[in-house]
Structures are given as structure tokens and as C-alpha cells.
Amino acid sequence: MDDFVCNKLTEWGLTDWIVKFKDQGIDKESFECLEGQEINDLIPIVGPRAKFKKRLKALKRQQRHEETADSAQVLPSTSDIGDKGKRKLDHLGECSNIQSPPRKQQRASISRPHKEQIILSDVKTIMKCTYERLHLEDETKLNAFLKSTISDLDTDKRELVGVFGKTGAGKSFLINAIIEEKDLLPSGSISACTTVMIKVEANMLNLKYEAEIEFITKEEWKDELWYLYHILGDKADEERDEDYCDTVEKLSAVYGEEWKNKSPENLMDIKYFREIPEFLCYRRKILTCESAKELSAKFVKYTRSDSKEAEVRRWYWPLVKCVTVRVPCNSLLQHVTLVDLPGNGDRNKSRDTMWKGIVGNCSTVWIVTEINRAAAEREPWEILESASSLMGNGGECQHIHFICTKSDLIEDSDDDPATARALLFKRNMKAKEEVSKQFNNLNRIKKHFSDDCFRVFTVSSKEFLKPKRLNPDDTEIPKLQEFLQNLNDCHSETLNYVSRAHGILSLIQGARSTEVPGNKKDASTDLEEKIRQELKKVRESMEETYSAFEKCLNEGVDKSKTSCDANMKPILHPIRKSGRGYHKILTCVVENGGVYKRKKGKPLNLNLTLSSCLTESIDEEFRKTFPNEGKCGPFNGVISMFSLNTEKLIEKYKHLELQLTFLQTEEEKIKTKLNKIIRDRKKKIYTSLIETIEETMQECYKKAVEFRGPDKLKNMRDTIELHVHDLKNVMFEKAKDVMLNHLMKLMEKILETLEKTLNQALEISLKTDGYPVPVFSKELELVKQYYKELKPDE
């Protein structure tokens, strides 16, 4: 943090936030680049944040003349602007003279992604300066609409790739190899298994390596301590199982040996957290280093325990919710975040909620396992099965990649490189066939995904970083890099931004035209009728969807009522489980709201079991209605097919081409917006089934957990079975009604948004006259030219 930032915050009366800006490494350059979400993260309180945004906006306006000519930006004109407007614009410096793009002659020789970055930068600058000019005009209905529409322009794109795999499978080594940062994520320790999520993304603000550590709250750790001590007390005189060992590992990591003679209250003493004051103050800890190796050494204590690190006295991973690692200027991570995920979520509620959110938001999932037993290994397939509903119908996953690591290792390999490569190739091809065959047999997983979503890779991170026997291409790491590069491709986002900018500038220029009023009235009448017709199609298609959902769910309710007792039996009365030992597991189930998460293997989830008939009844129809792949679109493609047919209207009303061009871009904008709304809301619709069951079951869990004595197991079983028997005629019907209610609200939202937005656009473009606006003819021509450059690639 430099004096400039400190002085500005002091000058603006925001001294309380100096420490936060310092912790985040905000210097003068990054200070002037701050926008939307970054400001929200830095200043979470509304009052100071609003003041900061206002001051920063004014500062940028004053300093605009300091922008250099070689910043690769096109600056718009003040062509045909009135004297009053001209005087107001004098302080904008370079924004008052249009320039030809200095890089225009170079574009033919540069790559498409880089060319599109240049175009996007140019058009963003044009729209920023357009906003500035409009801001200096009188406030009118049209002016307010234009400024609001420009502010709503957005190109944010962030793809999440979730990386699952058991300890020792080589996840960290794989990520290091793919992003070509071999010292970034610690790897190699078999015992280093934690529940900490690690996000890896690009640092686009500076050239530092950063780690941002988010802790659970003090209250959450206090609750967890009580739960851990409860486990220790229950197992004091019995066999020390996985839960016991897991508890000892957590307590020993944070407290060393001191926890053994302390109560949970004593372990909350602040002396144990002196090294991490951020945990006590509900703040995130930021680590900044010059190299990946240095950063890795610093943040390792927040992600794992490693006996090799003798200098580390305390390991804080049990207190950590998530670590975000940022790598400077890594093109593969510009719009992609890799997330190293534990397989089954977490017993801690906040960590588990974050885990579910991230899994549901992953567009791609990588399942990592060693090649020698890829098809036969149970754990990776159990991870995939337990998370499939969250990723598929309950998420947005489009790609599942099964990544077999250590593909350079083979028994009885010949020293001859050519022979060794041939043997490896044969073995790797066989592994791919076996894994693909195994996936095709898993119908419960496959029903959530399309047939072509699954791919198998056989990789060698070691050979990619230090080649001995294999060429880089043979390691298949370049294939994964290419996949990430394609995820980073922002062509559609760039085209959307330029298209909408083209529409806005067309509207501005169209508002200046002196068109015959009769033409506008006739065009408005045609469009109003077209909007009614298209909305009718959408409504009819949605009514068909609702009826299909209702029919499937009715079947699911009937099946749930008749089979719920049998479905519960494997959890309440498991085969080959003694009563003495199993009552501990069932106790954990009722203590945790119906869910028991093992450190390894599939979790026991009674709520999921009870809702299984409902979800199975709706899965096929749900995936058909809300496909994750973009081929058809939601609701059987009725939204993507929605069209005002503006091309034909432009032929009919040639003098209204500018206004109709704006309407065309608004139509595309609203469809893009609706697809995002649907993508988020469909997750809530799908998970509502299990959430309703879980909510209904909480009462019996609370009763069951109170039992003590020799009949505890029997009493817990009886309580659960009686509760389900008494409420099965209500519980499953309620779950159905809740899902249908969520679906109805989504459909109403879609129809309301379409009608309201399009009628507003129609009103502002064809029914609003007499408002003076500046001329942007040169800017419009330039953006139109950019749009034509991008459009052929569609």
C-alpha cells in the first residue's frame, strides 16, 4: 500500500478501511482499477461503500487526461455536440477526440482471442466515455434509461472446474503441472488429507503470488469442539475407530498435546490463536510472496498436516473454510478457477454449504485416480455417485473427466524408450476402455448427464515437467491445457457485449431521427402483437412442462409411500453390523440432521434415501426441461426460439433500422439474462425435494438423539420408523407441492421479465420522442464495424 491510497482514504473520511486496503495490497494502480464486486469485498458496509464509489468515480473523471495514448483504447468523438455540451466536456481530455485504432494494421496477424480482447477493450472505453457524456446531459427518461443500460453491460465469465480424488492420487501435482507452477500446491504427503477447499485462479492485479485464507467463525469452532469432545467421550473405552482418529488429528493439529487436559471452554482461549488474529476478528488472512515456492511454504499449515515440516508447531487447517491461491498472469486461469475439493463435503455446516455451492456451480468435474486400479478403485466412483445429483440436475456440470494419473509407471518395462512407450500406450488405452465401460454401467449417474460428457485422460505430471521416456503430448497434460484454454474463450461474452453496445448506440442515434410518427405507430402495433404471440407460445410450453412434472411427481409420491420402509432398512437395520457398534453410527446420523459423513466412502444420508423415489421419478423430465448442455435450452427450447423477427420488420420499416436494431439486441440480452436466472433457480427447484424431507424429519431426529441406556439403538430406530409411518401421507405430498410451487414461481418470473423488459424497450425506442441527446455517429460506426468482425465466427 502506498501513500497515495492512504492519503485518498484519509481525504475521503474513510480511514477505518486503510488496514483492509493495506491487507489486500492495494496500491495506486490497483486502486484506480477497482470496480463492482472488488469494492463490495473491500468495503462491505453500504454507507462507506457508497461514499467511496462516488469519490472514486469523480477521481477517475478528473484523471482521465492521464490515460496514455498507447493504452490500446479507442476514444470517441464529440461530433455535432452543442456548445453547451462541448464546454462541459472540455475537462475530459482525450475523450473529446476520436482516434483510429493504432493496432488496426496488426489485427490480421494476431490470434482470435487476443484480437477479441483488443476489440472488447476498445468498445468498453467507448461505452465508458458515452456514459460520461450522457452523465453531463440533462436528466430525462431516455437519458436515465441509457445510463442504466450501459451500467448493466457485463462480460463477467468464470468457469469452475472441480477436482476430486483420494489422498495420494496426485491432484496437487496434476494442478501444478497443468498450470506449469511445479512448486505451487504442496504434494507428496500420504497423510496430508484435509477438508479444506483450495481454489486456484489468476492474479490479474499484480505480479505477486497470493493466498487468501477464509476461516470458519469462532462460534462454529466452539460448536465443533463440543462435538469432537462428545466423540472422544463416547469412544473412550471402546475400539478407536475412524471418527476417533479423525478427532484426535484435528485437535492435535491446532493444540499439539495440550488439548488432552483441557475442556472445550479452555481451548477457546485467545492464546491458541495469536498467530492467526484474523480468525478472532472474522477477517480473511492474506499471504503475499514473490514466488510459488515461498507461498506454498507459507500456506501449507492452513491446508494440511505434514510431519516432515518440523519447524511448524501448529497446523490451522481445522479452522479454515477455504484457501484461494492466486497465480500472476496465468492465461489458463484468466476466466477459470480450479477447485481442489474433498470428496463428501464436511461435517462443519458452513464448510459443507460452501462445498455444495461450489460443486453445484462446476461446469466441469475432474475425478483423479491412479491408473493402476482406475476402474476397480471404489473411492473415486463413490465420490462421483454421491455428488452426481448436485453436479447434474442440481447443478450445471457439462463435462466429467476421469483422469488416470501416473501413466508413466509400468511393470516389466524395457529400457528401450520406443518399447516402453509402446507398452505404456497399450496399457493406457486399455485403462481408458475399462473406465469408460465402468461409467456406462452406472445408470444412476448417467441419467444426470449426456452421453458425450464423459472423457478419460491418462496423464503423467512427472513426465510432463521432467521428460524422460514420454513426449509432452504423450502425457496428455497438453490436452487438459487445451480444454482449459477453450473454457477461457470469451467469444460469446465479447460478442454479447459488443452487440449490446451496438444496440445502445443505435438507440441513441435513432432517438435523434425525425421519423414520420405514423411509421413508429405502425411498427409499435406490429411488435406488440408479435410480443403477445411469442409470450403465448412460452406460456403454453410451460404449462405442458408443469403438467409433466406434476404427473411424474404423483407417481413418485405413490412409490415413496409404499417403499419408504424398505428404503430405510439398509440404514436402520444394516446387514453384518452389530448393534453395539452401529448405535454409534446411527447416533451420528440423528445428531447431524440425518446425515453421517465418513472421512472416506459414501456418506449415510437418510433424507436422501427417503426422497430417492421422488427424485428418480422426476430426473428424466427434469434433465429434459433444464439441460446443462446448451444445445436446446431450458423448457424445450421455447426461450431460445423466442423471436420478434426484427430482421423482417427492418425490411418493412427501413427508416426505423436503428430503433429495431436496439430491440433486437434487447431481445438477446433478456434471453441471456433469463438463462442465467433459470440456471440458478433450477438448482433450488431440484434440491427442494430433499430439503423438504429433511425439514420434516428434524423433529424425530431431535427426539432420537435424547435417548440413553441399553435400549438406545432400538428407541432411535422405533422413533424414526414411527415418525415416517405417521407422516408419509403428508411428507411426500408436501415435497411435491414445494417443488411445483418453485417451478411455478420460476415460470411466472420468466413471463413477467420477458413482457416487462420488451415492453419497456418498445416504449423507449418507438414511443419516446423529443428528448435531446448527443451525436454518436462515429462511435456507432466503429462499434458496428467491430460487431461485423465478430459475427462471422458465430
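Helices here are DSSP runs of H or I of at least four residues, strands are DSSP runs of E of at least two, and both are numbered from the N terminus. The model on the screen is predicted.

**The whole chain**

Begin with the entire protein, coloured by secondary structure: 27 helices and eleven strands should appear. Of the 794 residues, 52% are buried. Among contacts between residues at least 6 apart in sequence, 78% join residues at least 24 apart.

**Phe635 and its loop**

Select Phe635 next, together with the elements on either side. Phe635 belongs to the loop that links helix H23 (606–625) to helix H24 (646–652). Is this loop residue buried or exposed? Phe635 is buried, because its relative accessible area is 0%. The backbone of Phe635 also merits inspection, since its phi is near 55°, a positive value in a residue other than glycine. Most residues other than glycine have a negative phi.

**The largest nonpolar core**

Keep Phe635 displayed and extend the selection to the core around it. The largest nonpolar core has 102 residues, and Phe635, Met127 and Met697 are those with the most contacts inside it. Helix H26 (residues 712–766) supplies the largest share of this core, 20 residues. Domain 2 (116–152) and domain 4 (515–769) each contribute at least three residues to this core.

Centre the view on Met697. Which residues does Met697 touch, leaving aside its neighbours within four places in sequence? They are Leu606, Asn607, Leu610, Ile720, His723, Val724 and Met731. Another core, of 67 residues, lies apart from the largest one and includes Ala211, Leu287, Leu333 and Ile403.

**Helix H8 and its cover**

Now select helix H8, residues 141–151. The buried residues of H8 are Leu142, Asn143, Phe145, Leu146, Lys147, Thr149 and Ile150. Show the surrounding helices as well: the cover over these buried residues includes helix H7 (112–135), H20, H25 and H26.

**Where H20 meets H25**

Two of those covering helices form the next stop. Display helix H20 (residues 491–511) and helix H25 (residues 657–704), which pack at an angle of about 145° with their axes 8 Å apart. Their crossing is left-handed. To see the contact itself, select Asn496, Ser499, Arg500, His502, Gly503, Ile504, Ser506, Leu507, Gln509 and Gly510 in H20. On the H25 side, add Leu658, Gln659, Thr661, Phe662, Thr665, Lys669 and Thr672. Coloured by class, the residues of this contact divide into four nonpolar, eleven polar and two charged.

**Asp711, after H25**

Follow the chain into the loop between H25 and H26, where Asp711 is found. Asp711 is partly exposed, because its relative accessible area of 47% lies between the 20% and 50% cut-offs. Add His583 to the view: His583 and Asp711 are 128 residues apart along the chain, and their C-alpha atoms are separated by 9.8 Å.

**Tyr227 in helix H10**

Move to helix H10 (residues 218–234) and select Tyr227. Tyr227 counts as buried because its relative accessible area is 17%, and the cut-off is under 20%. Thr247 is a useful second selection, as Tyr227 and Thr247 are 20 residues apart in sequence and 9.3 Å apart in space, C-alpha to C-alpha.

**Cys329, the last stop**

Finish at Cys329, in the loop between strand S5 (320–328) and strand S6 (336–340). What is the sign of phi at Cys329? Phi of Cys329 is positive, near 50°, in a residue other than glycine. With a relative accessibility of 55%, Cys329 counts as exposed, whereas Phe635 is buried.

Note on methods: Residues numbered from 1 in each chain as written. Predicted model: local features only at pLDDT ≥ 70, side-chain atom pairs only at ≥ 80, totals over all residues. Heavy atoms only, no water. Axes fitted to C-alpha atoms, helices over the stretch in contact; angles between N-to-C directions. Left-handed = near helix turned anticlockwise from the far one by under 90°. Contact = heavy atoms within 4.5 Å. Nonpolar A, V, L, I, M, F, W, Y, C, P; charged D, E, K, R; others polar. Buried < 20%, exposed > 50% of the residue type's maximum accessible area, 1.4 Å probe, protein only. Core = buried A, V, L, I, M, F, W, Y, C linked by side-chain atoms within 4.5 Å. Domains from an automatic or database assignment.
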